[in-house]
Amino acid sequence: MDFEISEKMQVILDMINEFVDKELLPLEPEFLSTEFVDMLPVLEEKRQMVRKMELWAPNHPKELGGMGLSLLEHGLISEALGRSPIGHYVFGCQAPDAGNIEILHLHGTEQQKEEYLKPLVEGKIRSCFSMTEVDMPGSNPVMLETTAEKDGDDYVINGHKWYSSSADGSKFSIVMAVTNPEAPPYLQASMIIVPTDTPGFNLVRNIPVMGHKGSDYASHAEILFQSCRVPQKNILGNEGHGFVIAQERLGPGRIHHCMRWLGICSRTFDLMCKRANERKISPDGKTLGTRQIIRAWIAESAAEIQAARLMTLHAAWKIDKVGAKEARFDVSFIKFMVANTMQRVIDRALQVHGGLGMTDDCIIAFFYRHERAARIYDGADEVHKMSVAKKILRSYQENK
Ligand SMILES: Cc1cc2nc3c(=O)[nH]c(=O)nc-3n(C[C@H](O)[C@H](O)[C@H](O)COP(=O)(O)OP(=O)(O)OC[C@H]3O[C@@H](n4cnc5c(N)ncnc54)[C@H](O)[C@@H]3O)c2cc1C
């Protein structure tokens, strides 16, 4: 294992960190007080700067117009960008587009690539991913009610989805729907491209999440598919292979999330340490940082972040070496470990800031609200813990 950062990568990381500090952090007051949709012009300006610096889409292959970095390298970039809630968007590597780009790249037909992949990588359009349903448990994704039935040359889609992140303003969604109800559970569903202007694609609302319904990229939609008709050529990969494709996408996607969360840890940890050093809490000028309990939080946070970071880099290194399938339990470990580390660090940082931490005058409350979801999406904590524990217990039975 070698996590040494090459000279070239260090130069890239320094450039990105400087860009985040100078160009993105100053936008935060606006980000916290207006809607995302109102920020699109200024964000496009920043995107142009990133393109000129040749740092656009670091995770995507060079032939698609990206930087062609390895998963481990992109992980380091994701950490740097995670310090700002708009980092990934400005650098063209935001979820769910990043995952949809991977799917289209690996499974799209030439026509699908021309029509959807090319403008998506260029940042000219956005997309969403619609799998989770209102009435079915997302934790057991084979239980889908949405169907895509063949009719002539088309699929006719019916179903009720929600939490399609960033659907508002998207050009298309990749929709998971049952096409083969008689097949074994993991071979029943397919991924189908559905342009959002198709009749029957009804965006009901942006769901209020932690008190905010959001807009445009920063939103999560409820969608009703009502006799929504798309050509059969809109299928991605083979019919019934929706879950096979989803599995490929999830491993690397979870590394991106974990490294972004580590960026959030790093940002909130910085804020916590600065506040501890500056906030005077007694007439003799003693600061919060002189108090033992605050020092304990700082030491614990530093150690937990370091442990979470090493585990994530190790999982990324393993995927790069032996593939996502072999590394799936390492990925499960980090998914719940890093999400919980982040939650503890954000919580301690908020506590150190007292009343200020609860306000939108600083970024901590935003992270506190929005990143709680990390323990739920891409596999809830409990689901990952169940699967690793099952494997561990089985190995003991086998040894016996
Ligand atoms: C901010 C956010 C963004 C999202 N973005 C998207 C998106 O873009 N596209 C999309 O399709 N979906 C998205 N989702 C949905 C997400 O994938 C689901 O919420 C998730 O899969 C959990 O499904 P559920 O909400 O139906 O919870 P349920 O499946 O009902 O589970 C509820 C809870 O039960 C517990 N649980 C579940 N299974 C087990 C078990 N086996 N053992 C013990 N406990 C268990 C867990 O604590 C879990 O949180 C998003 C969700 C959030 C919060």
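Reader: What makes strand 5 and strand 8 (residues 235-236) count as paired?
Author: Strand 5 is joined to strand 8 by 2 bridges, and the two run antiparallel; because strands pair if DSSP finds at least two bridges between them, these two qualify. Within this pairing, M191 stands opposite L236 in strand 8. This is a predicted model, in which local features need pLDDT of at least 70 and side-chain atom pairs count only at pLDDT 80 or more, whereas totals for chains, interfaces and linings use all residues. Residues are numbered from 1 along each chain as its sequence is written.

Reader: Why are some stretches called helices and others strands?
Author: Both are DSSP runs numbered from the N terminus, a helix being H or I over at least four residues and a strand being E over at least two. Strand 4 (residues 172-178), for instance, is joined to strand 5 by 7 bridges, the two running antiparallel, and V178 stands opposite A189 in strand 5.

Reader: How do you know whether strand 5 (residues 189-195) is enclosed or open?
Author: A residue is buried if 20 or more other C-beta atoms, placed from the backbone, lie within 10 Å of its own, exposed if 12 or fewer do, and partly exposed in between. In strand 5, 6 of the 7 residues are buried, so the strand is largely enclosed by the rest of the structure.

Reader: What makes helix 4 enclosed, and helix 12 open?
Author: In helix 4, 11 of the 11 residues are buried, so this helix is largely enclosed by the rest of the structure. Of the 19 residues of helix 12, the number buried is 1, so helix 12 lies largely in the open.

Reader: How do you know that the length of helix 1 (residues 7-24) agrees with its number of residues?
Author: The expected span is 1.5 Å times one less than the number of residues. For the 18 residues of helix 1 this gives 26 Å, and the end C-alpha atoms are 25 Å apart, which agrees.

Reader: Why can one speak of one face in helix 1?
Author: The buried residues of helix 1 are I12, I16, F19, V20 and L24. Seen down the axis of helix 1, they fall within an arc of 100° (taken over the directions from the helix axis to the C-beta atoms), so they line one face. The face turned away from that buried side carries exposed residues, among them E7, D14 and K22.
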